[in-house]
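Here are a few friendly notes to read alongside the model. Please keep the structure open and look up each residue as it comes up.

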Amino acid sequence: MNEQIITASANKQPLQMTYSELQKALVPFCKNKLPLVAMIHDLWKASTPTPSLRNNQQVRIIHPKLFEQFTRLVAKENG
């Protein structure tokens, strides 16, 4: 599995995802560390809601800087 961290500098566009999509993308990198998994919800809450729905779930804009902060913390925690 390629565990390359996506940073804001690599992805200039905000991500538009549902909560389940965000979890599916990030939980594997948390390696069962519950504080990191819980932070996914914090990242979601800090995101901007859109009027869009995907699979009956709200789509939110995940801000690149917040996403980068999260991924850097995950990388630091995982060594």
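1. Let us start with R54, which is partly exposed at a relative accessible area of 33%; the classes are buried under 20%, exposed over 50% and partly exposed in between, with a 1.4 Å probe and protein chains only. This is a predicted model, in which local features need pLDDT of at least 70 and side-chain atom pairs count only at pLDDT 80 or more, while totals for chains, interfaces and linings use all residues. Residues are numbered from 1 along each chain as its sequence is written, and side-chain values use heavy atoms, leaving out hydrogens and water.

2. What does R54 meet? Its side chain forms a salt bridge with that of E21, at 2.6 Å from N to O. The term stands for a side-chain nitrogen of Lys or Arg within 4 Å of a carboxyl oxygen of Asp or Glu. E21 sits in helix α1 and R54 in strand β2 (residues 48-54), so the pair links distant parts of the chain, 33 residues apart. Helices (H or I, at least four residues) and strands (E, at least two) are DSSP runs, numbered from the N terminus. E21, like its partner, counts as partly exposed, with 25% relative accessibility.

3. The structure holds three salt bridges, and another of them joins K45 to D42, with the closest N and O atoms 3.9 Å apart. These two are three residues apart in helix α2, which puts about one helical turn between them. K45 is exposed at 52%, whereas D42 is partly exposed at 41%.

4. E68 and R72 also form a salt bridge, 2.6 Å from N to O. Both lie in helix α3, four residues apart, or about one turn of the helix. Do look at the contrast in exposure: E68 is buried, with a relative accessible area of 14%, but R72 is exposed, at 51%.

5. Which charged residue is buried yet has no salt bridge? That is R60, found in strand β3 (residues 57-62). The nearest side chain of opposite charge is that of D42, 11 Å away; here Lys and Arg count as positive and Asp and Glu as negative, with His and the chain ends not counted. The R60 side chain does reach the backbone oxygen of W44, at 3.0 Å. Beyond its neighbours within four places in sequence, R60 has contacts (heavy atoms within 4.5 Å) that include L15, M17, W44, K45 and T48.

6. W44 appears again in the one aromatic pair of the model. Its partner is Y19, and the pair is tilted, with 5.6 Å centre to centre and 55° between the planes. Rings of Phe, Tyr and Trp (its six-membered ring) pair if their centres lie within 6.5 Å; planes under 30 degrees apart count as stacked, over 60 as edge-to-face and the rest as tilted. Because Y19 lies in helix α1 and W44 in helix α2, the pair ties together parts that are 25 residues apart in sequence. W44 is buried at 9%, while Y19 is partly exposed at 24%.

7. Finally, please visit the largest nonpolar core, which has 13 residues; L22, L26, I40, L43, I62 and F70 touch the most other members. Such a core is a set of buried Ala, Val, Leu, Ile, Met, Phe, Trp, Tyr and Cys residues joined through side-chain atoms within 4.5 Å. Helices α1 (19-30), α2 (34-45) and α3 (64-78) are the elements that give two or more residues to this core. Setting aside neighbours within four places in sequence, L26 is in contact with I40, L43, F67 and F70.

Note on methods. A polar contact is a pair of N or O atoms within 3.5 Å; within protein, one must be able to donate a hydrogen and the other to accept it, and residues adjacent in sequence count only if both atoms are side-chain atoms.
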